[in-house]
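Visitor: Please pick one part of this model and go through it closely. I would like the overall layout before the individual strands and residues.

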Amino acid sequence: MTSKTIYDWIDERLGLSELAAFARHKTVPVHSQSFWYYWGGIALFLFLVQCFTGVLLLVYYRPGAEAYESVRQITFVMHFGWLIRSAHAWSANLMIFAILVHMFSVYFMKAYRKPREFGWLSGMALLGIASVFGFSGYLLPMDELSYFATKVGLEIPTAIPWVGSAIANMLRGGPEVGEFTVQRFFALHVVVLPAIFVPLLAFHLWLVQRHGNAVPPSIEALPPEQRESMPFMPNFLRKDLAMWLVSLNILALLASVFPWSLGKQADSLVPAPAGIHPEWYFMSPFEMLKLLGMVKWLQGEPGEIAGILLFTLGIVLWILIPFYDTKKDSGQRARAANYFGLLAIFALLATTVIGYWTIR
Amino acid sequence: MTDNIKIEPVVEEAGERNTRRAFLAAAGVAGTAYTAALAYPIYRYLASPEEMALSATAVTEVTLKDAQKLPLGSVLMFKFGTAPAMLIHHQDGRWVSLTAVCTHLGCTVQYEPQADRIHCACHGGVYNPYTGANVSGPPPKPLKLFKVAVNDTGVEVSRA
């Protein structure tokens, strides 16, 4: 049997040639902002890296009471275990970064407008789940830093009136962070979250296929004959894969030159170490809550509740942007959304800088 | 002049083909090296327990503390390196130590004092409890014997 006959046999049953024809006709717009199109793909690649390294860690990781010991074993006993763990942690951080870049580029290109509202919403949900991935994965080594980060993080829901402490206890698996917390965070991290994330990601990618790449309003305003594009197969795909290779190299460099550390084993009787702070992507909300708590008439519980409310309001406004920034034809002149976006970036950067500044 | 013009394009074409071939070869080598650099740590990582087991199987002697008190007609199961082994104190006072891994498909065998045999429950293999010889059933090879030295504090079992 020739390869042509084999191909025909499969094609007749699976319709490969339809897929190939579809891929041939797919194009990607070319303009001055095309660079930003790669960031969703980079985030996707880093997610795949995490699936892969995550499975490798799963080979030796033991949740529950032995969690710290098993991570110590992975890091110091198993060959290259430190590298696998480091790659997992670094790719997680780089993925959050890539998602943020992707999100802001979508925001400022106004790619959330009709008919792409679901793309925006599913993307925001993916970012939300990614941060829960980060929070739950951070506890799994059960060293000092992860212990206190989780302790502090789970104090935040207690500010919610009436049901707050019940929620916190449910997440913790009891009144204290301990082996039950690791066990349920583990279940969350490797089963529940992937089970939600992967189908949502598939939906997100399907929407990109369905609607194609959005172009910024300035390009949209051009007459069709002045707009440029390139075929997805193989031109854009080739560039996309080149970006993946660049990402992999950066990841390999970071993971091997700056290996992820493992602190001392968590011990509830040992005081929190000086200079303890959240991961960079949680620094901004952490600092915003801290700053609001400093306002005189907001000190204590009212401040916490006000902070959470304000933060929630900001996020809700951000998520709902496709529904109030809808003017398609006058996109360039819809400045309010741009100012809101710049304000958000400024607030995130400023509070992050203040957060790191005040550690010292 | 005209000769030169005729020859030049031919030379260039061949050169181009060579450069292309050289480039593809170099890319192939680089790609293979890159993949190997990624695959090697992953292989070593996954093979770690195997290497640990290898160092454990390098064991040549095991001391079983207080095993000299083992009653007549009974057995003591222990680990020789990573694999299960047995020490039998026969009714006639003889000490015998053998691997306890069936040579058929690797189940752990058991000593049956009443029948005076070593039996594998998985597929009915039977071994001689003094020599380790495969007596009946599917086992293709005998069980390996260890050297046994009994003293006041325990029993030393070593590779024969």
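**Chain B, with chain A as background**

Guide: Among the contacts in chain A between residues at least 6 apart in sequence, 78% join residues at least 24 apart. This is a predicted model. For chain B, the corresponding share of contacts between residues at least 6 apart that join residues at least 24 apart is 35%. Chain B is the part examined here, but a few more figures for chain A help to set the background. Chain A has 15 helices and 2 strands. Along the principal axes, its C-alpha atoms fill a box of roughly 65 × 60 × 35 Å, and 28% of its 360 residues count as buried.

Chain B has 1 helix and 10 strands. In sequence order the pattern is α-β-β-β-β-β-β-β-β-β-β, with the helix ahead of the strands. The radius of gyration of chain B is 31 Å, while the globule rule gives 15 Å for 160 residues, so chain B is more spread out than a compact globule. The box filled by the C-alpha atoms of chain B, taken along the principal axes, is roughly 110 × 35 × 20 Å. Of the 160 residues in chain B, 18% are buried.

The domain assignment splits chain B into domain 1, residues 1-58, and domain 2, residues 61-159. Between the C-alpha centres of domain 1 of chain B and domain 2 of chain B there are 54 Å.

Next come the sheets. One is an open sheet of 6 strands in chain B, in the order 1-10-9-4-3-2, with antiparallel pairing. Its edges are strand 1 (61-65) and strand 2 (74-80) of chain B, each of which pairs on one side only. From one strand to the next, the twist averages 25°. Within this order, strand 3 (residues 83-89) and strand 4 (residues 95-99) of chain B pair in the antiparallel sense over 5 bridges. One bridge joins B:Met86 to its partner B:Leu98, which is in strand 4 of chain B.

A residue on an edge strand is worth following. B:Lys65 lies in strand 1 of chain B. B:Lys65 is exposed, because 8 other C-beta atoms lie within 10 Å, and a residue counts as exposed at 12 or fewer. Apart from neighbours within four places in sequence, B:Lys65 is in contact with B:Thr153 and B:Gly154. B:Tyr40 is 25 residues from B:Lys65 along the chain, and the C-alpha atoms of the two are separated by 42 Å.

The other open sheet to describe in chain B has 4 strands in the order 5-6-7-8, with antiparallel pairing. Strand 5 (110-112) and strand 8 (134-136) of chain B are the edge strands, each paired on one side only. Strand 7 (residues 126-127) of chain B pairs with strand 8 of chain B over 2 bridges, in the antiparallel sense. Opposite B:Tyr127 stands B:Asn134, in strand 8 of chain B.

Finally, the two chains touch. Contacts between them involve 6 residues of chain B and 8 residues of chain A. On the chain B side, the residues touching chain A comprise 4 nonpolar, 1 polar and 1 charged.

Definitions and conventions: Residues numbered from 1 in each chain as written. Chains lettered and ligands numbered in written order. Predicted model: local features only at pLDDT ≥ 70, side-chain atom pairs only at ≥ 80, totals over all residues. Domains from an automatic or database assignment. Pairing = 2+ DSSP bridges. Contact = placed C-beta atoms within 7 Å. Nonpolar A, V, L, I, M, F, W, Y, C, P; charged D, E, K, R; others polar. Buried ≥ 20, exposed ≤ 12 C-beta atoms within 10 Å, placed from the backbone. Axes fitted to C-alpha atoms, helices over the stretch in contact; angles between N-to-C directions. Rg over C-alpha atoms; globule rule 2.2 N^0.38 Å.
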